[in-house]
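Dear colleague,

I am passing on the model we spoke about, and I would be glad if you could look through it with the notes below beside you. The notes begin with one residue and then move outward to the chain as a whole.

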Amino acid sequence: MSAADSSDRMPTHPPHDEGMGTRLNWLRAAVLGANDGIVSTAGLVVGVAGATDERAQLLTAGLAGLLAGSLSMAAGEYVSVSTQRDAEKAALVQERRELTDEPEAELDELTELYEKQGLTRSLAREVAEQLTAHDALAAHAQVELKIDPNELTNPWHAAGASFLAFTAGALLPLLAMVLPPASIRLPVTVVAVLVALVLCGWSSARLGGAPESRAIVRTTAGGALAMAVTYGVGTLLGASGV
């Protein structure tokens, strides 16, 4: 078999997707948002169920908690990501100014950064010169600032994702509490919530490359504790007539 034939049959690998890390972060944030929606809404409706078995009151409390939680998550994510985006923009403005005022010093700086990554001085200089000629700002932003100028974080996307993730998570305990007959509402809700938390823990561990069993124990234990405490408080308040 010739070298050409051998090379033709060698498996080819697709290039690494530069947005993979960003997508994993979005997925992880979605899982965590859903987890928050499950735990907070489950704690709320289970707590109310400890005081009353009226479907209307349970539905009202659950919907109020869902809307308050999802809007709060969206607003918090919008503010957080907007602050990050403003900082990224400010850093890019500063970098653009430095490239205009001190191009040689910036070229030396880029060369040193590539040297620190393991390139020889001559190769680092050649890479720095070629990337500077192609797009100096992008080269410095990606290596020095760890920012992609063409993919700045979007606060509206982050807010929308948080809103949807929390809402999706919150719907599960809410529906589990109001749809079944009164006699089995509580056990159905508890089981549904614990199963959902197992899935959230497993998913977050898989996305983060962490031990799955530990993540599952953390999420389910936290959710179970939240439901136990709120149910106990609701039962005491219901018994006292508050």
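**A histidine in α5**

His140 is found in helix α5, and please keep in mind throughout that this is a predicted model. Is His140 buried or exposed? With a relative accessibility of 1%, His140 counts as buried, because the limit for that class is anything under 20% relative accessible area. Leaving aside residues up to four places away in sequence, His140 touches Glu95, Leu99, Glu106, Glu109, Leu110 and Leu145.

**The chain as a whole**

The secondary structure of the protein chain amounts to eight helices and zero strands, so that the pattern read along the sequence is α-α-α-α-α-α-α-α. Of the 242 residues in the protein chain, 31% are buried, and the accessible surface is about 14300 Å², with 63% of that area belonging to carbon and sulfur atoms. Among contacts in the protein chain with a separation of 6 or more, 70% are between residues 24 or more positions apart.

As for confidence, the mean pLDDT of the protein chain is 84, and 88% of its residues reach 70 or more. The stretch to treat with reserve is residues 1–18, where the pLDDT is below 50 and where the model shows three contacts beyond near neighbours in sequence. Where pLDDT is low, the predicted coordinates should not be read in detail.

**Nonpolar cores**

In soluble globular proteins, nonpolar side chains tend to be buried together. Here the largest nonpolar core has 17 residues, and those with the most contacts inside it are Ile38, Val45, Val46, Leu174, Met177, Val193 and Met227. The elements that contribute two or more residues to this core are α2 (20–51), α3 (55–101), α6 (155–178) and α7 (185–208). Apart from this core lies another, of eight residues, which include Leu113, Tyr114, Ala124 and Val143.

To follow the larger core from one of its members, you might start at Val46, which, not counting residues up to four places away in sequence, touches Met177, Leu186, Thr189, Met227, Thr230 and Tyr231.

Leu172, which is found in helix α6, is a residue I would also look at. Leu172 is partly exposed, with a relative accessible area of 33%, and its contacts, again not counting residues up to four places away in sequence, are with Ala192 and Ala196. Leu172 and Ala42 are 130 residues apart in sequence, yet their C-alpha atoms are 8.4 Å apart in space.

**Salt bridges**

Side chains of opposite charge can pair when their charged atoms come close. The count of salt bridges in this model comes to four, and I describe some of them here.

Asp108 forms a salt bridge with Arg125, in which the closest N and O atoms are 2.5 Å apart. What does the pair tie together? Because Asp108 lies in helix α4 (residues 103–116) and Arg125 in helix α5 (residues 121–145), the pair ties together parts that are 17 residues apart in sequence. Asp108 is partly exposed, at a relative accessible area of 30%, and Arg125 is likewise partly exposed, at 22%.

The side chain of Arg125 also meets that of Glu129 in a salt bridge, at 3.5 Å from N to O. Arg125 and Glu129 both lie in helix α5, four residues apart, which is about one turn of the helix, and Glu129 counts as partly exposed at 41% relative accessibility.

A further salt bridge joins Arg206 to Glu212, with 3.4 Å between the closest N and O atoms. Arg206 counts as exposed at 54% relative accessibility, whereas Glu212, at 29%, counts as partly exposed. Through salt bridges that share partners, Asp108, Arg125 and Glu129 are joined into one network.

**A nonpolar surface patch**

Finally, Leu225, Val229, Val233 and Leu237 form a nonpolar patch on the surface, and together they have about 350 Å² of accessible area. Within this patch, Val229 lies in helix α8 (residues 212–240) and is partly exposed, with a relative accessible area of 47%.

With best regards

Terms used: Residues are numbered from 1 along each chain as its sequence is written. This is a predicted model: local features need pLDDT of at least 70, side-chain atom pairs count only at pLDDT 80 or more; totals for chains, interfaces and linings use all residues. Side-chain values use heavy atoms; hydrogens and water are left out. Patches are made of residues with over 30% relative accessible area and no salt bridge: like charges are joined within 9 Å, nonpolar side chains (Val, Leu, Ile, Met, Phe, Trp, Tyr) within 5 Å. Accessible areas come from the Shrake-Rupley method with a 1.4 Å probe; for residues, only the protein chains shown count as cover. Buried means under 20% relative accessible area, exposed over 50%, partly exposed in between (1.4 Å probe, protein chains only). A nonpolar core is a set of buried Ala, Val, Leu, Ile, Met, Phe, Trp, Tyr and Cys residues joined through side-chain atoms within 4.5 Å. Contact means heavy atoms within 4.5 Å. pLDDT is the predictor's confidence in each residue, from 0 to 100.
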